[in-house]
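Please keep the structure open in your viewer and follow the selections below in the order in which they come. Each stop says what to pick and what is found there.

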Amino acid sequence: MTFIFDENLPFEKRCEAVLGHQLENHSLYRTFANTFGIRAEEISGYSPDDIPLLPIRAFKQAALYAASGSPEIVFRSSGTGDMERSRHLVADPSLYRLAIDKGFFRHFSFDQYTVFCYTPGYADNPESSLIWMLQHLVDSDPSGLSRFLTLGKKMTQNTFSTTVRQDKKVLLFGAAFGLLDLIEMDSEPLPEGSAIIETGGMKTHRREMTKTELRRILTEGFGISGGQLHSEYGMCELLSQCYALGGEWFEAPHWMRVTIRSADDPMRVCQPGEEGKIGIIDLANLWSCPFILTEDRGVMDERGRFRVLGRWNPDDMRGCNFLIEDEL
Amino acid sequence: MTLHHHTASVCAAVESWLQPDNDQLREAIRKTVDGGYFSEADIRHQIRHLKHSVTPKNIGIWAEKSGLKPGSLAGKRVLCLHAGNLPLVGFQDVLAVALTGAAYSGKISRKDPWLLPSLIHALQEKGLFDESHYALTPEDLPAKPADAVLFSGAEESVEIIRKKLKEHRLAGIQTPFLRRTAGFSIAWINDNSRDTMESLTEAVFRYGGNGCRSVAVVVAPFRFTDHICGFTDYVESFWLANPQHQKPPPSLFHRYAYNRAMGISQSWLHDFLIEDTMQLPDHKFVLHWVEGGEKELRQLIEQSGPRLQSVYGTAHAGDTITGRTIEPLSSAQAPPVWWKPDGTDPVRWLLEQLS
């Protein structure tokens, strides 16, 4: 199944093969697609944009699985108490490793960087796809310097002294709220040339803030430039990640297609600048479900990059709503 | 002027406005229908209901319930930001301001641009507002800061709206601001008798399911699939007399396809979807049918929080459950004139804020 990552094949061809696999092997997705009139025997030349995207809540409500045999890993989204949590059944972890490597090493290399993760370790959170990814990156560093940092402990120059001595740069991974905690603990600025990858995750933080405000606080707090503050867009339901380098605009790797879909008509792809729900085709999700309509609000630019604007809020759809955009 | 005299004058003005020979109202209805804003059936329903509910007796009851005094808010100014999702949805707020004797400023919805202005005009003609202005855009309202604002809409839009009002010098950031954010109601039925099912049909499908008084969740002792044929008969009869004006977006079909894939029991009515799911509404044109009783109802009320407007019932009307008094199902689309959007009587609120 490594054809998924074969850039010599047009995305449309790879997508068609994955769609065919889903229609043949995934009864839940087949029923969904059949309702739109899509049949396995009629998909030749089908445009990826015309493939129906399954609402992401399906990962909470069903076992999405298009493989034979038992899954090797089950990832679960974060959540507390009675919250419904997504489950991602992973049949083949090697696909996840490939997606991580091909996405990450396109932008960063262990010749230059050492990865520090300010997140719980794998032992504390083995069901998290993010922690699994970070553990994989730590394990992949031939220098052995990459590691998880101790939570609740501020960073000092000592934290990175070995890395600096070996002429390597620090690449700090962390959820937004964790990085803010580090600043509040009076952590020292990062060594020169360092970069940060924030992985989202503001929803559990004490207060809401805009992305711009977050970026300001992080760059000032860690003493890095805006160009060195990157973001990663990933989730339990996806085996691939998108990166936004030095800003808020994400780019998808060549085996993913991200579109913005009209909330009123998810089969319609929005024009650049028009807000909608983020729709994702992630071919690495071959064995679960690669065609996903998220509940994230997003917008695309003319270059095909996208920004994440928050969650799509379904509240007040029926009420006596005074719509600002319509009325003021 | 005594309170009785004032309320009687307001009531008389409304009654006169509702008369079938009122050319201004007739013209407003015609323009509304021709403009495609609402269906004639829905407008007629609203007008018929107002004729029944706006009576001297009912206005007197409202005045008494709210503690209204003569000329209570003379010299004060109230700004109403009217929604436009139902015909005349702003009626109660206009009436509330008229009863308090405050000056009225109204931002009329672009989605209901004719009906409410015809009422305001009728009240103006009778001299029932000390001063009044209305407009479709905030720029066209006189820049006179209001003493209080009545608003219905999403919680997250409140701060943006407050800033806009400040920009237009229509209200300060600290001006008392009544926010109504409820979005749906729940019905608890105990049988599938003709009366119950007709009331339920009206409560769900009137105005295409729009409005916070419309029922989006039903709790019943039976699954809808057990009685689907009977229920759809009532729905079809209702739609014959009241064709649904607003058609659902294609996302409703997307939801249908999703339910089908997930094995969720549902009934596709083309303009509406009934589904066997115990969840809070997140899509227009969807009725959630929950097989259950008081336990499930309590759970739904607790989960709903401020999004829930009313709980209606048949056998249990008048009882209180989880702090909610159950209203008669038949009153869902025909509320008393003193009904409380989001549990707040607008007259009482204005008096408390401004007296």
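**A tour by selection**

Begin with Arg213(B) and Trp339(B), where the charged end of the arginine sits over the ring of the tryptophan, 4.8 Å from its centre. Bear in mind throughout that this is a predicted model. For another arginine placed over a ring, select Arg57(A) together with Tyr258(B): Arg57(A) lies over the face of Tyr258(B), at 4.1 Å from the ring centre.

Next, colour the open sheet of seven strands in chain B, whose order is β8-β9-β10-β7-β6-β11-β14 and whose pairing is mixed. The edges are taken by β8 (266–268) and β14 (327–328) of chain B, and because each has a single partner strand, one side of each is left without a neighbour in the sheet. Within this sheet, select residues 273–275 and 286–291 of chain B, which are the strands β9 and β10, and which pair in the parallel sense over three bridges. Ile274(B) can be picked out here, standing opposite Leu287(B) in β10(B). Then add helix α11 (residues 294–304) of chain B, which packs on the sheet and touches β6 (184–188), β7 (215–220), β10 and β11 (308–313) of chain B, its direction making about 170 degrees with that of β6(B).

From the edge strand β14, move on to Pro336(B), which is placed in the loop between β14 and α12 (346–354) of chain B. With a relative accessible area of 30%, Pro336(B) is partly exposed. Show Leu50(B) as well: the two residues are 286 apart in sequence, and their C-alpha atoms are 9.1 Å apart in space.

The last selections are of aromatic rings, for which a search of the whole structure finds 32 pairs over all chains. In chain A, take Phe105(A) and Phe110(A), whose ring centres are 5.5 Å apart and whose planes stand at 65 degrees, so that the pair is edge-to-face. Phe105(A) counts as partly exposed at 33% relative accessibility, whereas Phe110(A), with a relative accessible area of 7%, is buried. Now turn to Phe253(B) and Tyr256(B), a pair that is tilted because the planes are at 45 degrees, with the ring centres 5.6 Å apart. Both residues lie in helix α10 (residues 251–262) of chain B, three residues apart, or about one turn of the helix.

Finish by selecting Phe205(B), Phe222(B), Phe224(B), Phe231(B), Trp239(B), Phe272(B), Phe285(B) and Trp289(B), which form one aromatic cluster.

Definitions and conventions:
Residues are numbered from 1 along each chain as its sequence is written. Chains are lettered from A and ligands numbered from 1 in the order in which they are written. This is a predicted model: local features need pLDDT of at least 70, side-chain atom pairs count only at pLDDT 80 or more; totals for chains, interfaces and linings use all residues. Side-chain values use heavy atoms; hydrogens and water are left out. Two strands pair if DSSP finds at least two bridges between them. Helices (H or I, at least four residues) and strands (E, at least two) are DSSP runs, numbered from the N terminus. Contact means heavy atoms within 4.5 Å. Axes are lines fitted to C-alpha atoms, for helices over the stretch in contact, and angles run from 0 to 180 degrees between N-to-C directions. Buried means under 20% relative accessible area, exposed over 50%, partly exposed in between (1.4 Å probe, protein chains only). Rings of Phe, Tyr and Trp (its six-membered ring) pair if their centres lie within 6.5 Å; planes under 30 degrees apart count as stacked, over 60 as edge-to-face and the rest as tilted. A charge sits over a ring if NZ of Lys or CZ of Arg is within 6 Å of the ring centre and within 35 degrees of the ring normal.
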